[in-house]
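User: I'm just starting to learn how to read protein structures. Could you pick out one group of aromatic rings here and walk me through it slowly?

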Amino acid sequence: MITVVGTGTGAPPPEDVLAGADLVVGGRRHLDAVRLPEAAERIVLGPLAPALDAMEEYVDKDGRVVVLASGDPGFFGIVRVLAERFGAGRLEVRAGVSSVAAAFARVGLPWDDAVVVSAHGRELRTAVNVCRARPKVAVLTGPGAGPAELGAALTSSARVLVVASALGSRDERVERVTPAEAAARDWGSAVSVVLCLDEERAPGAVRTVAGAPAGPAGWALDEGDFAHRDSMITKFEVRALALARLGPRLGDLVWDVGAGSGSVAVECARFGAAVTAVEKTADGVERIRANAVAHGVDVRVVHGVAPDALAGLDDPDAVFVGGGGRELPAVVSACARRARRAVVVAMAALDRVPAARAALTGAGFDCDGVLLQSSRLAPLPGDVTRLAATNPVFLLWGVRAPASSAEDEGVAL
């Protein structure tokens, strides 16, 4: 058996676990905090592969192996790797209090409504996008993705960061800072968990399911669910297909360019994506903000004209381009150069389709599209119904081939 012990948040490993161990594996801070049996070999964890190979030699000889890890080693921890290598049946896991649970406990907050994301050995952008989209997020940090880097990416967001470092040790610190303050600090090498809170939008309802809320119960909402001007809004039939091709999800960043009323932006945010809406009119900007508030989502609104207004924005996973003016080809081209996964373009004018398609294919996207023509049921006097045609809309979409290499799996120790 391999005994995996969660430690590091205040509770030392039981003495009986270490007694008689042939091999003890752990981070240096864990090994230095305990008294090991004289006959036991110890391995300070760095790269995982050599440690796993050494553990396998002991396991094959029926030696006793103990692994010391932080908090709950089954929560973004080493249990996953050990179970894949040796099988879950060979593990005895003694879980401690996870760093996330400890951090929320330190500030007296419940966390059944929190979203937890790891930036340890992973792209920071995913954690940043989750923090932008959700009001209560815990981020497990890692080298190059610590409180300073997270704060720097969130300086434009109305968030409070709680940085909990070295939990359970004599050097424990729990500090509330703004993103700008976090970005300006040197936080050292202590292991941290960062709570990112939108205190104005934090949920207060009693929870029955922990973590991120489920997707919206309804989508492709009726135009009447949004404030808009003179029917200048993406119709729900068009929006339904656009959302299907955009594929907004938690951890994504979506642009809505030429956002108008922001109906696409709001619906993407309801699916959990972080969203930036770009709109050139001042009244449109206010309308987008009002619609976001009405639907309980966070949408960043940029007042400006694309493509110039896109220059300072983070690269998106997906982009929706509305409108259809003369600047459309330049806007689509600018979006296609930046988008990681997909670009969807809605146009009313046939003349704009070739240039938009050329911009997508020229940027390496596989391009497809449809002409959407729909007729809605409309009542007539005498309790009869007619079909009322809506204006036809061309919808093009470009999809980039997925990268061949998978993101590295990070393990918190």
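Analyst: Happy to! Look for Phe 75, Phe 76, Phe 104 and Trp 111, which ring pairs link into a cluster. Please keep in mind that this is a predicted model.

To see where the cluster fits in, start with the count: searching the whole structure turns up four aromatic pairs. One of them joins Phe 75 and Trp 111, with 6.4 Å from centre to centre and 80° between the planes, an edge-to-face arrangement. This pair links distant parts of the chain, since its two members are 36 residues apart. Phe 75 sits in the loop between E4 and helix H4 (79-86), while Trp 111 sits in the loop between helix H5 (99-106) and strand E6 (115-118).

Now turn to another partner of Trp 111. The ring centres of Phe 104 and Trp 111 are 6.2 Å apart and the planes meet at 5°, so this pair is stacked. The reasoning is a simple cut-off: planes under 30 degrees apart count as stacked, and those over 60 as edge-to-face.

Are these rings buried or exposed? Phe 104 has 0% relative accessibility, so it counts as buried. Phe 75, at 27%, counts as partly exposed, and Trp 111 is partly exposed too, with a relative accessible area of 31%. The cut-off behind these words is that buried means under 20% and exposed over 50%, with partly exposed in between.

Let's follow E4 next, the strand that comes before the loop of Phe 75. Strand E4 covers residues 65-70 and is joined by four bridges to E2, the two running parallel. In that pairing, Val 65 of E4 stands opposite Leu 23. Strand E2 also has four bridges to strand E3 (residues 41-44), again in parallel, and there the bridge partner of Leu 23 is Glu 41.

Strand E2 itself is a nice one to rotate on your screen. In a regular strand, side chains alternate between the two faces of the sheet. In E2 (residues 23-26), Leu 23 and Val 25 point one way, Val 24 and Gly 26 point the other way, and all are buried.

Finally, step back to the whole chain, which has 13 helices and 19 strands. Of its 413 residues, 46% count as buried. Among contacts with a separation of 6 or more, 65% come from residues 24 or more positions apart. The C-alpha atoms fill a box of roughly 90 × 50 × 40 Å along the principal axes.

Notes
Residues are numbered from 1 along each chain as its sequence is written. This is a predicted model: local features need pLDDT of at least 70, side-chain atom pairs count only at pLDDT 80 or more; totals for chains, interfaces and linings use all residues. Side-chain values use heavy atoms; hydrogens and water are left out. Buried means under 20% relative accessible area, exposed over 50%, partly exposed in between (1.4 Å probe, protein chains only). Two strands pair if DSSP finds at least two bridges between them. Contact means heavy atoms within 4.5 Å. Rings of Phe, Tyr and Trp (its six-membered ring) pair if their centres lie within 6.5 Å; planes under 30 degrees apart count as stacked, over 60 as edge-to-face and the rest as tilted.
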